[in-house]
Amino acid sequence: MKKLLLPALLSGALAMTACTNMSREQQSTLSGAAIGAAGGAAISAIAGGNAGVGALVGGAAGAVAGNLKGKGYW
């Protein structure tokens with residue numbers, strides 16, 4: 001448990017500060033990719049497929065959708 005504490009704290013600190021200098025388009029792309037990856041992994045796992053492949057496909061689709069949203073197409 002102690003081995004996981006430092007990486008978890010560093011990851012949390014990085015996540016909280018990583019998006020401060022990003023444009024709206026970049027933030028939307030990153031958010032879309034994260035949401036798509038989580039959704040793709042969940043759906044793939046529920047359907048009995050490979051969760052890793054679902055995360056990759058969902059992340060790519062989410063990144064494209066988020067980018068379009070950040071550009072104002074939606």
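This tour moves through the structure one selection at a time and states what is to be found at each stop.

**The whole chain**

Begin with the entire protein displayed, bearing in mind that it is a predicted model. Colouring by pLDDT is a useful opening view: the mean for the protein is 84, and 85% of its residues reach 70 or more. Among the elements, helix α1, residues 2-17, has the lowest mean pLDDT, at 70, whereas α3 has the highest, at 92.

Switch next to a cartoon representation. The secondary structure consists of three helices and zero strands, and the pattern read along the sequence is α-α-α. With a surface switched on, the protein exposes about 5,500 Å², of which carbon and sulfur atoms supply 72%. Of the 74 residues, 16% count as buried. As for contacts between residues at least 6 apart in sequence, 47% of them join residues at least 24 apart.

**Helix α2**

Select residues 24-47, which make up helix α2. This helix has 24 residues and reaches 34 Å from its first C-alpha to its last, close to the 34 Å expected at 1.5 Å a residue. Now highlight S28, G32, G36, G40 and S44 within α2; these residues are buried. Which helix do the buried residues of α2 pack against? Bring α3 into view, for the buried residues of α2 pack against α3.

**S28 and its partners**

Centre the view on S28, in helix α2. S28 counts as buried because its relative accessibility is 19%, and the cut-off for that class is under 20%. Once neighbours within four places in sequence are left aside, S28 is in contact with G66 and G70. Of these two, G70 is the residue at which helix α3, residues 51-70, ends.

From S28, move along to T29 and draw a distance to K71. The C-alpha atoms of K71 and T29 are separated by 9.7 Å, although the two residues are 42 apart along the chain. K71 belongs to the segment after α3. Is K71 buried or partly exposed? With a relative accessible area of 48%, K71 is partly exposed.

**S44, A45 and the end of α2**

Travel along α2 to S44, which also lies in this helix. S44 is buried, its relative accessible area being 14%. Which residues does S44 touch, not counting those up to four places away in sequence? Show G49, N50, A51 and G54 to see these contacts of S44.

Select A45 next, likewise in helix α2. A45 has 48% relative accessibility and therefore counts as partly exposed. A distance drawn from A45 to A55, C-alpha to C-alpha, gives 9.7 Å in space for a pair 10 residues apart in sequence.

Then step to G48, just after α2, and inspect the backbone: G48 takes a positive phi of about 90°.

**G54 in helix α3**

Cross to helix α3 and select G54. The relative accessibility of G54 is 12%, so this glycine counts as buried. Apart from neighbours within four places in sequence, G54 is in contact with G40, A41 and S44. Two of these partners, G40 and S44, have already been visited among the buried residues of α2. To add a backbone distance to this view, pick A38: the C-alpha atoms of G54 and A38 are separated by 8.6 Å, and the residues are 16 apart along the chain.

**The nonpolar surface patch**

For the last stop, return to the surface representation and select V64, L68, Y73 and W74. Together these residues form a nonpolar patch on the surface, with about 500 Å² of accessible area. Finish on L68, whose place is in helix α3, residues 51-70. How is L68 classed, buried or partly exposed? L68 counts as partly exposed, at 31% relative accessibility. That value also allows L68 to be a patch member, because patches are made of residues with over 30% relative accessible area.

Definitions and conventions. Residues are numbered from 1 along each chain as its sequence is written. This is a predicted model: local features need pLDDT of at least 70, side-chain atom pairs count only at pLDDT 80 or more; totals for chains, interfaces and linings use all residues. Side-chain values use heavy atoms; hydrogens and water are left out. Patches are made of residues with over 30% relative accessible area and no salt bridge: like charges are joined within 9 Å, nonpolar side chains (Val, Leu, Ile, Met, Phe, Trp, Tyr) within 5 Å. Accessible areas come from the Shrake-Rupley method with a 1.4 Å probe; for residues, only the protein chains shown count as cover. A salt bridge is a side-chain nitrogen of Lys or Arg within 4 Å of a carboxyl oxygen of Asp or Glu. Helices (H or I, at least four residues) and strands (E, at least two) are DSSP runs, numbered from the N terminus. Buried means under 20% relative accessible area, exposed over 50%, partly exposed in between (1.4 Å probe, protein chains only). Contact means heavy atoms within 4.5 Å. pLDDT is the predictor's confidence in each residue, from 0 to 100. The expected span of a helix is 1.5 Å times one less than its number of residues.
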